Amino acid sequence: MGRTELSGFIATLNRDLSIARREGGEAFLAVLFFVLGALLFPLGVGPEAQLLAAVSAGLIWVMALLSTLLALDRLFQADWREGTLELLVISPEPLPLIIAAKCTAHWIVTGLPMAVAAPVMALLLNLPPEGWLTLVGALLIGGLALSFIGSICAALLIGSRRGGVLMTLLALPLYIPTLIFGAGAVQAAVGGYDSTGHLALMGAITLSSISLCPWVTSAALKQAME
Amino acid sequence: MTKHVLELSNLACRRGGRLLFSGLDLSLTEGGAALVTGPNGSGKSSFLRVIAGLIQPLQGQIHWEGQNAQKFTDNFRSALRYVGHSDGLQPVLSVLENLKYWSQIYGSSQDLKKLNRGLESVGLFDLSELPARVLSAGQRRRLALAKAIATDGRLWLLDEPTVALDRQSIKRIETAISEFRSSGGIVIASTNAPLNLSDCKALDISDYQWAEQN
């Protein structure tokens, strides 16, 4: 079989996706958390349609952020425990490429299902229909950025016992730009404005995270092996 | 003059503020082997991790085929097969899937016959469809070794390869090692258990302790 530059990327992507498939429910818990969390808001705020409509875009995005955060420790923790990660660090494949594959698999398992579930949430939270398409699009693009940026924090916190809380402190500030433009795009669409500007800026954030984060994460992982 | 393929010169390593070893020289030619011994905590694992590139040495150099292996990693890493304390297996994937993934990462042939031969040489062929999580400790160890055996490396670093292995499996591993060496491979193994390697250099890590002070 011919060997290409991307063979390590494809092999790792396939591997992580089949692991998620075998583990079944466990991998999709984050999506469940996303849906259930957002369902609590109408119960807490009360069934006032106007009020919910005004805050729903922000709520859905905050829930997307938190669910991604919840799933971040899945990214490297198991591979680190089993000793796979140290083998990958010294493998002939470029480490950033393998990390990019892991982040992409992470997005397919968490970000993608969230974007698919978003219209249901939009309905439940009374988000005006004009914003639905933008919401799905923004979650698709922004979700990728969340997974790639999150990989840096996941790599830095490998092996730390109180990883969960620290992860929140590390990752949430880095997620703020994505949140602002993501929720902004939906708000603009709902208000009848053009949301292209917000989406373009978010696309720029996503592209730069895809191209830069794997290198930062790879440096953090090498450090963690010492 | 024989060409030294792997050359370690004046290697020193410090972990947690303690100097584990220093002034360690070792050179191996094709087909060569070294057996690293020493009491627990003397730095056998750290020594192998330094060569593998997982730990930066305090001082000293590692050369692979005349190239500095710490700077020019490509050639060295495609030759290197490190089997550490952890087996590096994915529990939900099957035995064969685990092996196949590493053959892809190492860029070796993914020919099913070849992978099956590798599993056969460690006696795991009959279990190839089982998920790795149901394997016993010894079977996991054998699968970890099969990752090196079936993927065309040229330098094996084996950290306690015989831990949890029964007598028959140790025999199998010894056979695999001698076959690998006769095809030109280099092996460095650390062990406290008897491992029968013909014509190998013996390296006692504790000989290199406190070398600076004496």
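Which strands of chain B does helix α1 lie across? Keep that in mind as you go through these close-ups of a predicted model.

**View 1. Helix α1 lies across three strands of chain B.** Here's the reply to the opening question: α1, made of residues 44-52, lies across β1, β2 and β4 of chain B. Follow the helix against β1(B) and you'll find that it runs at about 120 degrees to that strand.

**View 2. An open, antiparallel sheet of four strands in chain B.** Going across this sheet, the order is β2-β1-β4-β5. At the edges stand β2 (18-28) and β5 (67-68), each with a single partner strand, so one side of each has no neighbour in the sheet. Now look at β1 (residues 6-15) and β4 (residues 59-64): these two run antiparallel and are joined by five bridges. To pick out a bridge by eye, find B:Ala12, whose partner in β4(B) is B:Gln59.

**View 3. An open, parallel sheet of five strands in chain B.** This time the order reads β6-β7-β8-β3-β9. The edge strands are β6 (80-83) and β9 (201-204), and each of them pairs on one side only. On average, neighbouring strands in this sheet are turned by 15 degrees against each other, if you ignore direction.

**View 4. Strands β3 and β8 of chain B, up close.** How many bridges hold this parallel pair together? There are four, linking β3 (residues 33-37) with β8 (residues 186-190). Check out B:Leu35 as well: standing opposite it in β8(B) is B:Ala189.

**View 5. Where chain B touches chain A.** Chain B brings 23 residues to this contact, and chain A brings 22. On the chain B side, α2 (73-79), β6 and α3 (95-105) each supply at least two residues. Sort the chain B side by class and you get 11 nonpolar, nine polar and three charged residues. You've met β6 before, by the way: it's also an edge strand of the five-stranded sheet in View 3.

**View 6. Chain B as a whole, to put the close-ups in place.** In total, the chain has six helices and nine strands. Its C-alpha atoms fill a box of roughly 55 × 35 × 30 Å along the principal axes. A compact globule with 214 residues would have a radius of gyration near 17 Å, and chain B agrees, with 17 Å. Of those 214 residues, 45% count as buried. And if you take the contacts with a separation of 6 or more, residues 24 or more positions apart account for 71% of them.

Conventions. Residues are numbered from 1 along each chain as its sequence is written. Chains are lettered from A and ligands numbered from 1 in the order in which they are written. This is a predicted model: local features need pLDDT of at least 70, side-chain atom pairs count only at pLDDT 80 or more; totals for chains, interfaces and linings use all residues. Two strands pair if DSSP finds at least two bridges between them. Axes are lines fitted to C-alpha atoms, for helices over the stretch in contact, and angles run from 0 to 180 degrees between N-to-C directions. The radius of gyration is taken over C-alpha atoms; the globule rule is 2.2 Å times the number of residues to the power 0.38. A residue is buried if 20 or more other C-beta atoms lie within 10 Å of its own, exposed if 12 or fewer, and partly exposed in between; C-beta atoms are placed from the backbone. Two residues are in contact if their C-beta atoms, placed from the backbone, lie within 7 Å. Ala, Val, Leu, Ile, Met, Phe, Trp, Tyr, Cys and Pro count as nonpolar, Asp, Glu, Lys and Arg as charged, and the others, Gly among them, as polar.
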